[in-house]
Each structure stands twice: as C-alpha cells, then as structure tokens.
Amino acid sequence: MTRTFVVGLDGASWRLLDPWIAAGDLPNLAELRADHTWAETESCLPPVTFPNWKCYSAGKDPGGLGVFWFEHIDLANERIDVAKGGDFKTAELWDYLADDGQTPGVVNMPTMYPPRDIGGPVVAGGPDAVQGEYRSIDSGYAAPEGLEAELEELFDYRVHPDPLLSGNDERGAEVDAILDVMESRFEVALHLLEEKDLEFVHVTLFYLNVLQHFFWDDEPTKRAWELVDEWLGELAAMDDLNLVLMSDHGSGPTTTEFYINEWLAENGYQAHERTVEDFFRPLGLTRENVLGVAKKAGVVDLLAKTVPESIQQLVPQSAGAKRARKLEAIDLEHTQAVASGQGPIYLMPGTPESVRDQLIEDLRAVEDSEGPVFDGVYRGEEVYSGEYVDEGPEVVVDMRDGVHVNDGIGGGEIQTAPDRWAAENTRNGIFLASGPDFTSEGEIDQISITDMAPTILAAHGVDIPTDMVGEVLPIHSETPEVGERDPIDIGARGEGTSEEVADRLQQLGYME
C-alpha cells in the first residue's frame, strides 16, 4: 500500500498563491498543480482554526464535533469558556487507520493537545499547546514517551517560535523564528515517516497563517511560501508516496472591522454595563501597548511569570472586552443575543423564535460602501448537522471576504478600519492530491473540507464511518473497495488549561 504524506497549510488560498505561481516563484507547487488533481475547498462556518482542523480530520461539520469556535458560550449558566482539544467529541481519520492496523503520525496539528493515543506518534502544536502566557511548552507535547527527548536531541525542536510574532512591524527575529519552526515541522514529519515506518503522516504549518494575518502577501509571507515550495519539491520526488496538500480555510486582505456585539447593542439585542475598560482606554492603556513596551524591554517572560492572571486580565484590549470579560460588560437581564468573533451568535434561553427571525432579517440588511457585510446569515441548524447542534449558536453569519467580525465590547464603534490583522480568514481554501493512488484530473469542482478524510481513508482501503458527512471524491486511480463502518468511540479526553490557551490566542490576534 502506498504511504500518504498530508501537508496542512493553515490559511492557504489560491487567491494568495496564484500570482506567485504565475510569476514562477513557487515552481514545485506550480508543477504539482499542473500535473495532478486540485480544487478550491469550502470550509465549515466559521472558517477558523477551531473547528476547521477537526472538520478535516473527522469528516464532520461542527454539529458533529461539539466545538463551534475558540470559545463556548453558555448563556444558561452565564459563562464563557475557551475551547480545548479535549472538547472535540469525535474520532479522526488516524483513529480509523490505526484500527485497520496501519500506523499513523500527526505533527503540530491544532486541537491535538494534550496528545492522545492514536496508535502512532503525536506531536501537539498550534495555538493550544502552551504552558503559560506568551511562553512555549517544553514537555508534555508529544507521545509516546521518549519522543520529546528524541526530537529535541535531533532537531532542537520547539513547539512555538521564540520570540513570538505579535505585530505587523515585527519583521526580523520574529519572522526568522517562524521560518525555523516551519523547517523543523517538515524535518520531524519526514523523520517519523521513515524511521517509525508510518503508513500515514500529517503535518500542519500553523504559523504560516500567522504570517498571513500580519503581513498578507508581503515579503515575510512570501519567504515562508518559498520554504514550503522547496519542501514540496523534495516530497514530490519521493517514490511510492501520496502527497496531499490542504488548508483549514483560506485568507484574504482585511478591508474592515465589524464589531458584532456593538451592532447588537446599537440595534436593541444587547445591553451594556460600564467596565474597567471604560476608564483605562481613554488613557491609552491597553494590553497591546503594554506588551509592546515589555517586548522592547525584554521582560515579557518575567511579567508573565510574576503578574497574576487576574491583574493581567484587568488591562483592557484595544478591541474591547473579550472572552469571559464580555459577560462583565453585558447586562444579561436586558440582553437577547451575545456573539463570538467571526460568526456565531447565541440567544438567551427563552428568546422567542420571532426575535431570531428579526435578528436574521436585520443582519442580512447590514451594508457598507462595498455592499452587504455578510454573504449569508443562517439559523444554526441550517449549516450544522449531528448530535451537538443544540449546543451551538442559534445564528451564524458568513463574513464577506475582507470583513473581520470582531466580538470586542466597549470600543463604541460598529465598523472601523482594520485593527491588527492585514488579512482575515476566508471560507475558500486549497486541496491537491498527487501520487500513485490518485488520478491527474487537473482542477475539479469545489469540494467540502469534510470530503478529505473519507477520500484519504478510501485511498488506504479503510471503510468510511457512518457519522462522516463528507464524500469520497472520485479521484482515485482505482475504484476503492470500501464500505461503511460504525464510528469509533474515543472516550473521555484530556482537558488542557483554557486560560493559557486563551492567552496564546490573544497574543497571536485570534481572540485579540
């Protein structure tokens, strides 16, 4: 059986890559696309790291995962928790490969911390493998036992770059550190494939999208893609290897910031209360400003270790109150709706259906000089399926390309120029399949991100779980002889530490 190497390119989009391909700057990617099968993909809503990496690996939309964004909003109990890897209630394609007797490996995929038993090596990564604010993690990120020591000895392996990129003007050591960790991701994945005799390996380049967020198509991002292209050339030259390229979502230049909770308040769906942000912000004291000063003084690690979390959280963010502090800024007794960033909106328990209908109608009517702000506004049950739909948002917006839906409360404005990110996530990513098990079809019609797991399983001769909503794509060189099978119950999962995950996401701009 042919081995498979999946390269997960966080936030990759043909929109970004096409000009570089046309200019001859990415020759190996250009050759792969010219000679094999490729497509634009559609991510699940919202098009973001949590949940779309799991939409790929589990072949399900968020209704079958139990995670709908980086946070869980529970208005019945008046709490907001940051989602963790252990919150995803699903088996993944590598569990089914292992159950079939094949040995998989996973390197640096978000949502995989703490690492769990998949029948092969796991190296956790993404934004969720952390041990404290702004600090990397030096243990507990890999399994089985002994793998961390091996990676550190052979590759001086780091889970996160250091120093960590946190702003658009950081183009020196921060960018170099990201390129270094990207190089090590490829080295480790190829090492595991060869030395551990794996049939399948997945590697994610999460920090690729961090560069895109802060720089879009500028030189730091191009340097990263040129590095990727060199490795794709090496992998494509290997015998008897399927090479699959994919992304969790796409990206595009940010044109505007839309503060969804401010809009809800302005239109009568939410009531606000005064918070500490209202006193600090006029003085110019924000977490972003404090972090910038601390980085220049070289005391970030010291402050992270010595300043209590409760004090850190009192310093306001430029975009307003976030995460659990949103609830401090909202008068829930007089509120009907609360939003997360980038799409999900939750209604207070007992809110009449007529209110949801009116909210959807009002959101669909929101326009600016470029037209409707949202490409679509949906009931949650219209875009999600599976046993956890009732835990999800009642309303979901599909951001127009270029719109960053920001959930900050307290800034006072509904729509502004872009804040931190030069590029925002979009719904359309990339897919490419090459190797002995796949035909060369050229460009095919758009596919769903949920189609990837069943298509890869079929290439490995593994029956498709009945709870996967994706389809097996007709791109195999021989018709796969696979049927259906019952899903695997992976049981209880590790929890991780939600506040530390939130801090890392905030540092990178994912939760501001």
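Trainee: Let's start with E16 and E17: how do you know that they pair, and in which sense?

Mentor: This is a predicted model, and in it E16 and E17 share 5 bridges in the antiparallel sense. A pair needs at least two bridges, so 5 bridges meet that rule. One spot to look at is Arg379, which stands opposite Val395 in E17.

Trainee: And what makes E13 a partner of E17?

Mentor: That one is closer to the cut-off. E13 and E17 have 2 bridges, again antiparallel, and at least two are asked for, so they pair as well. Here Pro344 stands opposite Val396 in E17.

Trainee: In what order do the strands of this sheet run?

Mentor: The order is E12-E13-E17-E16, an open sheet of 4 strands with antiparallel pairing.

Trainee: Why are strand E12 (337-339) and strand E16 (374-379) said to stand at the edges?

Mentor: Each of them has a single partner strand, so one side of each has no neighbour in the sheet. As for the twist, it averages 20° from one strand to the next.

Trainee: Which helix packs on the sheet?

Mentor: That's H15, which touches E12, strand E13 (344-347), E16 and E17. The direction of H15 makes about 175° with that of E16.

Trainee: Why is E17 called largely enclosed?

Mentor: Buried means under 20% relative accessible area, and 5 of the 5 residues of E17 are buried, so the rest of the structure largely encloses this strand. Both faces are covered: Val395, Val397 and Met399 lie on one side, with Val396 and Asp398 on the other. That split fits a general pattern: in a regular strand the side chains alternate between the two faces of the sheet.

Trainee: Back to H15. What makes Glu353 and Arg356 a salt bridge?

Mentor: Their N to O distance is 3.0 Å and the limit is 4 Å, so the pair counts. Both residues sit in helix H15 (residues 353-364), 3 residues apart, about one turn of the helix.

Trainee: Are those two buried or partly exposed, and how do you know?

Mentor: Arg356 has 8% relative accessibility, and buried means under 20%, so Arg356 is buried. Glu353, at 41%, is partly exposed. Salt bridges with shared partners also join Glu353, Arg356, Asp357, Arg379 and Glu381 into one network.

Trainee: How does the pair of Asp401 and Arg15 fit the salt bridge rule?

Mentor: Their closest N and O atoms are 3.9 Å apart, and the rule says within 4 Å, so they qualify. This pair links distant parts of the chain, 386 residues apart: Asp401 is in the loop between strand E17 (395-399) and strand E18 (403-406), while Arg15 is in helix H1 (residues 14-22). Asp401 has 37% relative accessibility, so it counts as partly exposed.

Trainee: What about Asp99 and Arg485: what do they tie together?

Mentor: They form a salt bridge with closest N and O atoms 2.7 Å apart. Asp99 is in helix H4 (residues 93-99) and Arg485 in strand E25 (residues 484-485), so parts 386 residues apart in sequence are tied together.

Trainee: How many salt bridges does the rule give?

Mentor: The count comes to 27.

Terms used: Residues are numbered from 1 along each chain as its sequence is written. This is a predicted model: local features need pLDDT of at least 70, side-chain atom pairs count only at pLDDT 80 or more; totals for chains, interfaces and linings use all residues. Side-chain values use heavy atoms; hydrogens and water are left out. A salt bridge is a side-chain nitrogen of Lys or Arg within 4 Å of a carboxyl oxygen of Asp or Glu. Buried means under 20% relative accessible area, exposed over 50%, partly exposed in between (1.4 Å probe, protein chains only). Axes are lines fitted to C-alpha atoms, for helices over the stretch in contact, and angles run from 0 to 180 degrees between N-to-C directions. Contact means heavy atoms within 4.5 Å.
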